[in-house]
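Here's a quick look at one helix pair and a couple of loop residues. Have the structure open while you read.

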Amino acid sequence: MDFISITHVTLAVTATLSGAIVLARRKGDVLHTRLGKLFIACMVLVNITAFALWPKYGFTFFQPLALWNLVWVLLGYYYATKKPNKNWLINHYYFMSYAYVGVLAAALARIPLSFGFLPNEAAFISIAVVFGISTYLIEKQGKKLRVIGI
């Protein structure tokens, strides 16, 4: 495996683990902020290295998804740091949650490959399952946040 691939995978694993810890822990404390910044840094670099892998693996639908994910990560960071409106926390929650789901879906897209599916089939299956379950959970929590007025 080449340097860019190792870097990409290492950053993706770090983003997946730090994001999971942020989601599981109390929100707003110092550890949340530090792990959140680690998650953001890793995600920005994961999305950039996805484009650096283009010459090796060719253009796939992962590059547009990486660009989309990068936008969501940066918007989540923007809402947390700038607090531009009264709904900043809800916006931050949604952007960061879906950015995390993106890296989780990409990571899990590797699993079906071991069962002999073609890469596109594996990715579509993983993305559909991960986003289907995650959307339900994110929207359920988002409704709670809106109800309590956060």
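## A helix pair and two loop residues

H1 passes H5 in a left-handed crossing, meaning that the near helix is turned anticlockwise from the far one by less than a right angle. Bear in mind that this is a predicted model, where local features need pLDDT of at least 70, side-chain atom pairs count only at pLDDT 80 or more, and totals for chains, interfaces and linings use all residues. Residues are numbered from 1 along each chain as its sequence is written, and side-chain values use heavy atoms, with hydrogens and water left out.

H1 covers residues 3-24 and H5 residues 88-108; they pack at an angle of about 140°, with their axes 10 Å apart. That makes H1 oblique to H5 (neither under 35 degrees, nor over 145, nor 65 to 115). On the H1 side, Ala12, Ala15, Thr16, Gly19, Ala20 and Leu23 meet Ser97, Tyr100, Val103 and Leu104 of H5, contact being heavy atoms within 4.5 Å. Sorted by type, the residues of this contact are seven nonpolar, three polar and no charged.

Now for the loops. In the table, buried means under 20% relative accessible area, exposed over 50%, and partly exposed in between (1.4 Å probe, protein chains only).

| Residue | Loop | Relative accessible area |
|---|---|---|
| Lys83 | between H4 (62-82) and H5 | 42%, partly exposed |
| Arg26 | between H1 and H2 (30-52) | 58%, exposed |

Which phi does Lys83 have? It's near 45°, a positive value in a residue other than glycine. Most residues other than glycine have a negative phi. As for Arg26, its C-alpha atom is separated by 21 Å from that of Met43, 17 residues apart along the chain.

How values were computed
Axes fitted to C-alpha atoms, helices over the stretch in contact; angles between N-to-C directions. Helix = DSSP H or I, 4+ residues; strand = E, 2+ residues; numbered from the N terminus. Nonpolar A, V, L, I, M, F, W, Y, C, P; charged D, E, K, R; others polar.
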